[in-house]
Amino acid sequence: MKTSDYIEQSIANLWKKKLRTFLTTFGVVIGIGALVSMFSFGQGIQKNVTERFRELGLFNYINVFSGSEQGSTEQPEPNKITLLDDELIEQITQMEGVESAFPEIRFPAMIRFKDQEDFTLIQALPATVYQSDLIKLCAGTVYDSDEPNSLIISDALLRSLKIEDPHVAIGQQIEVATLIIDIGLFNPAAIASVLQGQTMPFARQSYTFTIVGVIERGEFGGPTPLRSDVYIPIGASEKMKKLSLTSIWDFFQPTGHKQGYSMVGVRVSSIKYIDPVKKQLEELGLKTFAFIDELQELKKVFLLMDMFLFAIGMIAITVASLGIINTMVMSILERYREIGIMKAVGASDRDVKKIFLFESATIGFLGGVFGLALGWAVSVLINSVVNCFLGGRGVPYIDYFSFPWWLCLGAIAFSILVSLAAGVYPALRAARVDPVVALRHD
Amino acid sequence: MSGTTFIKTTNLSKVYSSGRIEVVALKDVNLTIAEGTFLGVTGPSGSGKSTLVNLLGGLDTPSSGIIEVQDKPISELNKEELALYRRHQVGMIFQSFNLISSYTALENVAFPLLFAGVPKKQRNQRAAEMLETVGLYPRRGHRPSELSGGEQQRVAIARAIINQPKILLADEPTGNLDSKTSRQVVQMLAELNKNHGLTVTMISHEEALLREYANDIVRLHDGKIIDR
């Protein structure tokens with residue numbers, strides 16, 4: 001028998017029992033639909049996260065820390081600590097593939113815009129950092145040199161300063177007040193007051209900046225290269241008097257402790273340089289953190305999530321398989337005599353087996369195609385409901401589902417495969433039918 | 001008419017077992033069927049006629065003994081080889097016609113060609129020719145339920161001969177037909193035997209009818225040939 005004949009026969013036989021075929025196939029449709037929507041959800045989340053990372057250019061970054069981290073309980077020998085200083089930054093910049101290396105300079109400041117005040121940590125960033133996609137501006141521009149008193153502020157901080165429209169802020173003056181040691185306090189009475197803990201030996205030093213750009217606040221916390229609400233050029237930062245305290249730990253550093261930068265951000269021109277650069281940095285005794293490594297960890301989590309969703313989908317598939325077995329066994333009982341006739345006119349056991357397997361596969365194919373369509377329809381429905389709900393709260397549209405080509409083809413192939421597996425027992429049973437008994441069967 | 005030996009059985013026996021009970025359907029049957037003969041097989045119910053035809057047609061396998069078709073022992077063939085034997089060498093018709101009820105006359109006749117791997121167009125063309133031969137071409141689109149008993153048996157004959165078999169085995173083909181139609185059917189088998197050289201073995205209770213058309217008659221009783 002030709003393959004086209006098997007297909008034609010199976011369609012004709014299934015068509016004879018339309019309702020039963022429809023109900024059985026519908027079971028598969030639901031199973032595959034559930035599996036596809038679960039899987040595409042897993043894929044969608046994965047895609048959204050990785051694409052967001054990629055969009056931000058985070059994969060090209062390595063964060064470098066000195067050997068002894070703040071808060072670390074281990075106390076490495078002082079001469080073994082590699083200090084993150086300008087000399088080292090220069091050395092890192094020379095490494096192959098490194099586009100730029102910039103220190104993380106953060107200091108506390110009070111900002112004042114119009115009548116509103118807020119406390120924040122200001123980060124000094126070189127202008128070169130803005131060449132990457134790390135920053136998303138919602139108004140204005142970035143500063144193109146490290147010298148001017150330009151300032152970039154996040155939309156979130158602007159909102160807390162009661163400015164809703166970021167465009168309003170562009171070109172406006174903003175006051176930045178840093179914390180300095182109060183020299184005026186160095187008289188005996190004041191010192192006594194400080195020593196008794198009644199006053200703090202600090203004063204404010206104000207600077208005026210011009211807001212040139214407003215950025216969207218980053219969605220990811222953690223050690224990203226940008227983790228402040230206010231950014232100023234490095235040159236401007238250097239000219240400011242300030243205490244570079246970022247946490248209470250800084251107060252407990254031993255006297256005479258040589259202070260380097262707490263972190264250096266390294267941007268490489270391509271992902272392929274991540275590993276070699278990391279290796280060189282680690283050889284220098286530095287600790288590194290690359291987002292690409294985090295992605296590998298994240299992928300393991302996604303795999304677990306996919307497996308969990310797959311397991312849920314498989315329940316529906318198992319039920320659908322039982323439906324196929326039931327339908328096919330019923331079909332054999334009904335066509336018992338027909339099987340006898342097939343054999344009497346020259347069909348081999350293999351022919352009979354194949355006829356029934358093709359019928360199962362046809363159910364699987366139809367179930368796969370329509371199941372895929374159902375899964376897609378469900379995803380469209382969920383997407384529109386969720387986005388409609390979240391859209392009202394200002395969350396931008398996100399496609400929570402992803403249908404890569406391999407998922408579509410895989411769903412159909414899997415459906416056929418499962419249906420074939422379900423059809424094996426009925427097909428073997430049909431092939432074993434004794435023609436002499438079958439021909440006498442009423 | 002006695003040509004070369006087409007089928008020869010040697011000590012052919014068939015025993016059906018059902019639990020501890022054994023039923024001997026055929027016992028040491030030695031039979032020779034010459035090529036081109038019309039052999040009639042008669043005998044009372046339960047004498048082993050259908051068993052003999054099923055064994056000769058390769059639908060069943062003997063418990064012991066040998067069946068040789070053109071000197072080749074078919075009792076030693078495996079299932080696949082037996083299917084090929086049924087497909088290319090044997091045509092069978094039955095008392096209850098055994099047509100597929102959901103198929104048209106044309107589809108029923110074309111059915112065996114499906115397993116022979118003949119393309120659909122040729123299948124339909126050859127089936128139409130066969131229906132023409134049995135005089136049912138105008139009824140080609142009818143389903144078995146829309147045909148008379150005689151017509152159904154003629155469709156079954158067309159189906160049995162579409163693969164140009166060497167032997168036609170008929171298991172009481174007139175059992176469900178009136179005497180007039182029975183005669184027409186047997187006449188048709190006799191014509192196929194005479195005009196196309198087809199070897200025919202027909203089981204019937206109607207010995208008188210067999211005597212009219214068969215070259216030879218064997219009588220079975222309790223699984224044994226008692227008269228030839």
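**A covered strand in chain B and the contacts around it**

Strand β8(B) is covered on both faces: T199(B), T201(B) and I203(B) are buried on one side, and V200(B) and M202(B) are buried on the other. That split fits a general pattern, since side chains in a regular strand alternate between the two faces of the sheet. Five of the five residues of β8 (residues 199-203) of chain B are buried, so the strand is largely enclosed by the rest of the structure. It should be said up front that this is a predicted model.

What flanks the strand? Strand β3 (residues 38-42) of chain B pairs with β8(B) in the parallel sense, over four bridges. Strand β7 (residues 167-171) of chain B also runs parallel to β8(B), and here five bridges do the joining. M202(B) turns up in both pairings: G40(B) stands opposite M202(B), and A170(B) has M202(B) as its bridge partner.

V200(B) gives another look at these surroundings. Setting aside neighbours within four places in sequence, V200(B) is in contact with F38(B), L39(B), L168(B), A170(B), L189(B), L192(B) and N193(B). V200(B) is also listed among the residues with the most contacts inside the largest nonpolar core, together with L35(A), V109(B), L131(B), A158(B) and L168(B). This core has 109 residues, and α11(A) gives the most to it, with eleven residues. There is a second, separate core of 49 residues, which includes I62(A), I122(A), L151(A) and V268(A).

Stepping back to chain B as a whole, the chain is divided into domain 1 (1-89 + 167-176 + 194-228) and domain 2 (98-164). The C-alpha centres of these two domains of chain B lie 25 Å apart. Where they touch, domain 1 of chain B supplies five residues and domain 2 of chain B supplies eight. The domain 1 side of that contact breaks down into two nonpolar, two polar and one charged residues.

Chain A is built from 13 helices and eleven strands. Of its 442 residues, 36% are buried. Counting contacts in chain A with a separation of 6 or more, 83% come from residues 24 or more positions apart. One residue to pick out is A12(A), which sits in helix α1 of chain A. A12(A) is partly exposed, because it has 13 other C-beta atoms within 10 Å. The C-alpha atoms of A12(A) and G42(A) are 38 Å apart, with these positions 30 residues apart along the chain.

How many residues of each chain meet across the pair? On the chain A side there are 17, in contact with 21 residues of chain B. The elements of chain A that give two or more residues to this side are α1 (3-16), α10 (336-344), α11 (349-391) and α13 (435-440). By class, the chain A side has eight nonpolar, two polar and seven charged residues.

As for confidence, the model scores ipTM 0.93 and pTM 0.71. Chain B averages a pLDDT of 91, and 99% of its residues score at least 70. For chain A the average is 82, with 88% of the residues at 70 or above. Residues 69-74 of chain A come out with pLDDT below 50, and beyond near neighbours in sequence this stretch has five contacts in the model.

Technical notes:
Residues numbered from 1 in each chain as written. Chains lettered and ligands numbered in written order. Predicted model: local features only at pLDDT ≥ 70, side-chain atom pairs only at ≥ 80, totals over all residues. Contact = placed C-beta atoms within 7 Å. Nonpolar A, V, L, I, M, F, W, Y, C, P; charged D, E, K, R; others polar. Domains from an automatic or database assignment. pLDDT = per-residue confidence, 0-100. Buried ≥ 20, exposed ≤ 12 C-beta atoms within 10 Å, placed from the backbone. Core = buried A, V, L, I, M, F, W, Y, C linked by C-beta atoms within 7 Å. Pairing = 2+ DSSP bridges.
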